[in-house]
Amino acid sequence: MSPDTLPRPVRAGGPPAPRPAGRRRRPWRRRPWSRRPNPLAGLGSALWLVIVIVPIYAMISASLTRQDQALGNNALKPPARPTLDNYDTVLHNGFGHFLANTAIVAAAVVAIVLVLCVPLAHVAVRTRSLWSTAAFRLFLLGVAIPAQAVVVPLYLMIAKLDLYDSLLAIVLPTAAFAMPVSVLVLTGTLRDISEELYEAMALDGASATRMLFQLVIPMARGGIGTVVIYSALQAWNGFLFPLIFTQSDGPRVLTLGLFTYVSQFGVNIPALLASVVLSGIPIFAVYLVARRALVGGLMGVGGK
C-alpha cells in the first residue's frame, strides 16, 4: 500500500495527524565522469607532471648508476646494472649525523616560532592601541628584508655572543626570518574567531592566559599547522646560515653535507644524488601529509 492509501492515525483529543509525506527525491548531481572534458586543462596537467617527474626520475636513475658510468650514459636511460652502493656510501659517511642535526634545528625553530608568534599574533588582533598596530607593522617589515642583506651584521652578532660554529647559530637567525610570515598567517587566522566567544569567556571570568590556551590555540589549529610546516621547511632547506655560521663537521646539516662528495679533483655525482634523494624523503613525506594545511593557511583559510 502506498502512503496515500494508509488510514490517518487519530490523535487523542485532537484532529487526525497529517499523512506522512512521500519520500523526497534527491536533487540530481552531476557525477565527475559526466562533466564535459577540458582538453586544455588535461594537456597542461600532463605537461606539468612531465616537468616535475622527469628531473626526479633522472636523479633517482643516476643515483643507482656506478660512478664510472655517471657521465657516459643518457640521463633518461635507466642504468643497465642498478646498484645500491651509492646509498651505502652515503649512509656510511655521516649521513645520520647530518640528518640528526637538521632534525634538531627544525624542531628548535618550530618551537621558538610557536612560543613567540602565537601570543604576538593574539596581542596584535585583540589590542586596538596605536602602539600595538605600529609594532605589528614594524615587525612585518621583516618580510621585505632578505637574509643576504643582513648576513654580515648577523655574523658579527653571532661572533660576539660566542655562538659561532654551533647549532644555535643556525637556529636563531632561521627562526627570526620565519617569524614575520608566521605572524602574518596567524593574525589572519585569529581574526576569524568570533568576538562573541571572547565575550562569553570573559563573562565566565576567564583570564587572558586562559583565553589563549582554551580558545585561541584550539580555534587556530589550521594556522598553527601552517606555521609549523612553513618553519620546518625553512629550517630543513636552509643553506645560507649553516654555510656562514658553521665551519666544522660537528654542527653540519644536510644541505652542507652534500659537500662531502665534492673534492678538488672531481665530484662523486651518483653519491651526491643519492644523498639528495635520502635527504628529501622526510620533508617530502611531511609535505604530503600536511600540504592542505600549508596551502589553506597561506590562502587565509587555515583556521576554518
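**Exercises on helix α6 and the chain**

Most of α6 is covered, with 17 of its 24 residues buried (under 20% relative accessible area with a 1.4 Å probe, protein chains only). The model is predicted, so local features need pLDDT of at least 70 and side-chain atom pairs pLDDT 80 or more, while totals for chains, interfaces and linings use all residues. Numbering starts from 1 along each chain as its sequence is written, and side-chain values use heavy atoms, without hydrogens and water.

**Exercise 1.** Determine how far α6 reaches and where a kink lies in α6.

*Solution.*
1. α6 comprises residues 167-190, which is 24 residues.
2. From its first C-alpha to its last, α6 reaches 32 Å.
3. This is close to the 34 Å expected at 1.5 Å a residue (1.5 Å times one less than the number of residues).
4. The kink, of about 35°, lies at Met179 (angle between axes fitted to the seven residues ending there and the seven starting there).
5. Met179 comes shortly before the proline Pro180.

**Exercise 2.** Describe the secondary structure, burial and contacts of the chain.

*Solution.*
1. The chain has 12 helices and 0 strands (DSSP runs: H or I of at least four residues, E of at least two).
2. Read from the N terminus on, the elements run α-α-α-α-α-α-α-α-α-α-α-α.
3. The chain has 304 residues, of which 32% count as buried.
4. Among contacts (heavy atoms within 4.5 Å) between residues at least 6 apart in sequence, 71% join residues at least 24 apart.

Key
Buried means under 20% relative accessible area, exposed over 50%, partly exposed in between (1.4 Å probe, protein chains only).
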